[in-house]
Amino acid sequence: MNTSVEQADILAEVEHFAQEEIRPFAKEFELNEELPSELTKKMGEKGYLTPSIPTEYGGLGLDPIQLGLFIEQIGKSCNSVRELITVHNSLVGETIVRWGTKEQKEKWLPLMTQGKKIAAFALSEPNVGTDARSVETCYRKEGNQYIISGIKKWISFADIADVFLVIASHEEEGQVTAFLVERESKGIRTTRMTGLLASKASHIAEVEFRDVVVPAENVLGPIGGGFSYIASYGLDHGRYNIAWGGVAIAQASLEAMISYSRRRTQFGKKLCEFDLMQGIIADATTKIHAARALCLHAGKMRTNKEPDSIMETAMAKYFSSKMVMEVTTDAVQAHGGNGFSNQYPVERYFREAKLLEIIEGTSQVMQLMIAQHSISKNYEKRSNKKDTESRDA
C-alpha cells in the first residue's frame, strides 16, 4: 500500500486528470453511448482502473478512505467512468483479491490493472434482481469442468467485458457458485441495451450463456459460496462506491447551481442574492457534508476491518443516494427551464442520481437491512442492560 503522502499525490493527479480528460467530454460520452477505448487505455496506464488493488498487481493500493475520495473526483466528472471503476475494480477486482487463488490473482489482476482485460459482474437476471439468491442461470459439472447456461441482464460494461464474474446455481442441488468466465469462451452472446434513462455510456447489456464450458480453475471461492461469500462481498464494496458516487454527483450539482446563480439575473439581481436561492444552496451544502461524513466514517471502519463496517456502508449508501436525488432536483429547479436542457449538466446529474437509489440494493432494501440491524442491536443492548439491573438488584 502507498504511503499517505503518495496517496495524496495520487488524488491530486487524478483530480487534474478528471478535469482535463473526463469532465469536458462527459456529455459526448453519453451522446455517443460509449466510453472511448483511448480513455480506458490512458486510465489503465496510470492505474486508475484499479485504485484499490494492491500495488504488487499494478494497482494504486489506496485505502478505503482514499479510494472514496478518488471515486468522488471521478464521479464529479462522469458517472459512467465512476461506474466502470466500481464494477471493474470493486465488484470484481477486490473480490478476486479477497477470494481468488494465487493463480487467479496473478492471471487476472495485472491484466485488469493495465486495462487489457475489462471485467463485468454478472448477477442480475431478467427475473432476478433484489432476490439475488434465486438466480436462474445454472451450471452442472462434467468431469473437471463446469457447463453454464442462462441469461444475465442489466450488466454494466458487459458489452465490452473480457471476463465475467458469473453467479450461477447448480441445476439439481441449488448450490450457488461463482465463476470467472472468459469472453472468448464458446456460447457467449451479448446484446446491448439501449433507451436507458441514465448510464448510457456504461455499455449495459444482456448476456446469454449457452452451454459455456468453464474449467475448474475458474471457480471463484468455495463451491456453494457464490452468494454468501462472493456476491455479498462484491455488493458491499459496490455500495461503498455508490455512496461516494452520490456525494460526487451532488457536489457537481452544487457547484453547477452556484455558478449558474452567480451568472443569471432576474428582477435586476443575481439569483444567488435571493434568500430562497441561498436557502437551497445552504441545504444542499449541509446534506453533502452529512453524506460525506457518513462515507468517511464507513471508510475508517472499513480500513480498520470492523465487522459493523458493512452496515455503516449500507447506511452511507442509503443516505447518500436519497440525498443526491434531493440535491439534483433542487439543482434543476434552480436552473428553471434551462434545467430541462442537456446544454446544462444538471439535467444529466438528475437522471444519474435516480440510478443510485436502485443499483447495488434499492433504497427499500437498504431500509430493511438497516432496520433489522438496528432492531437486533438495540434489543440486545436493552436485554443486556436489564440483565445487569437484575443482578444489581
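**Exercise 1. Contacts along the chain**

What percentage of the contacts in the protein with a separation of 6 or more comes from residues 24 or more positions apart?

*Solution.* Keep in mind that you are looking at a predicted model. Begin with the contacts in the protein that have a separation of 6 or more; residues 24 or more positions apart account for 74% of them. Next, pick out an example of such a pair. Glutamate 208 and glycine 150 are 58 residues apart in sequence, and their C-alpha atoms are 5.9 Å apart in space. Glutamate 208 does touch Gly150.

**Exercise 2. The overall form**

Find out whether the radius of gyration agrees or disagrees with that of a compact globule.

*Solution.* Step one is the expected value: for 393 residues, a compact globule would have a radius of gyration near 21 Å. Step two is the value for this protein, 22 Å, which agrees. To complete the picture, add the span of the C-alpha trace along its principal axes, about 80 × 70 × 45 Å. The secondary structure that fills this space comes to 11 helices and 10 strands.

**Exercise 3. Surface and charges**

Describe how much of the protein is buried, what its surface is made of and where its charges lie on average.

*Solution.* First, the inside: 51% of the 393 residues count as buried. Then the outside: the accessible surface comes to about 18100 Å², and carbon and sulfur atoms hold 50% of it. Last, the charges: there are 46 positive and 52 negative ones, and their mean positions are 3 Å apart.

**Exercise 4. Finding the cores**

Which residues of the largest nonpolar core touch the most other members?

*Solution.* Start from a general idea: in soluble globular proteins, nonpolar side chains tend to be buried together. Now turn to this model. The largest nonpolar core has 87 residues, and Ile22, Phe70, Val81, Leu165 and Ile167 touch the most other members. Helix 7 (residues 226-263) gives the most to this core, with 16 residues. Apart from this core lies another one, of 20 residues, among them Ala120, Ala122, Phe209 and Val214. For a closer look, take valine 81 of the largest core. Leaving out residues up to four places away in sequence, valine 81 touches Ile22, Phe29, Leu35, Leu39, Met43 and Ile74.

**Exercise 5. Two positive phi angles**

Phenylalanine 157 and lysine 305 each have a positive phi. Decide for each residue whether it is buried or exposed.

*Solution.* Here is the background: most residues other than glycine have a negative phi. Phenylalanine 157 has a phi near 65°, and its place is the loop between strand 3 (145-155) and strand 4 (163-170). Its relative accessibility is 0%, so phenylalanine 157 counts as buried. Lysine 305 has a phi near 55° and lies in the loop between helix 8 (275-303) and helix 9. Its relative accessibility is 71%, so lysine 305 counts as exposed.

**Exercise 6. Three residues to place**

Locate methionine 325, glutamate 208 and glycine 58, and say how accessible each one is.

*Solution.* The cut-off you need is that buried means under 20% relative accessible area, exposed means over 50%, and partly exposed is in between.

- Methionine 325 lies in helix 9 (residues 309-335). Its relative accessible area is 14%, so methionine 325 is buried. Beyond its neighbours within four places in sequence, methionine 325 is in contact with Phe350, Ala353, Lys354 and Glu357. The C-alpha atoms of methionine 325 and phenylalanine 350 are 6.9 Å apart, with their positions 25 residues apart in sequence.
- Glutamate 208 belongs to strand 7 (residues 205-215). With 15% relative accessibility, glutamate 208 counts as buried. Its contacts beyond four places in sequence are Gly150, Ile151, Gly187, Ile188 and Arg189.
- Glycine 58 sits in the loop between helix 3 (37-46) and helix 4 (64-77). Its relative accessible area is 38%, so glycine 58 is partly exposed. Leucine 111 is 53 residues away from glycine 58 along the chain, and their C-alpha atoms are separated by 8.9 Å.

Definitions and conventions. Residues numbered from 1 in each chain as written. Heavy atoms only, no water. Helix = DSSP H or I, 4+ residues; strand = E, 2+ residues; numbered from the N terminus. Rg over C-alpha atoms; globule rule 2.2 N^0.38 Å. Buried < 20%, exposed > 50% of the residue type's maximum accessible area, 1.4 Å probe, protein only. Contact = heavy atoms within 4.5 Å. Areas by Shrake-Rupley, 256 points an atom, 1.4 Å probe, with all protein chains shown as cover. Lys, Arg positive; Asp, Glu negative; His and termini not counted. Charge placed at Lys NZ, Arg CZ, Asp CG, Glu CD. Core = buried A, V, L, I, M, F, W, Y, C linked by side-chain atoms within 4.5 Å.
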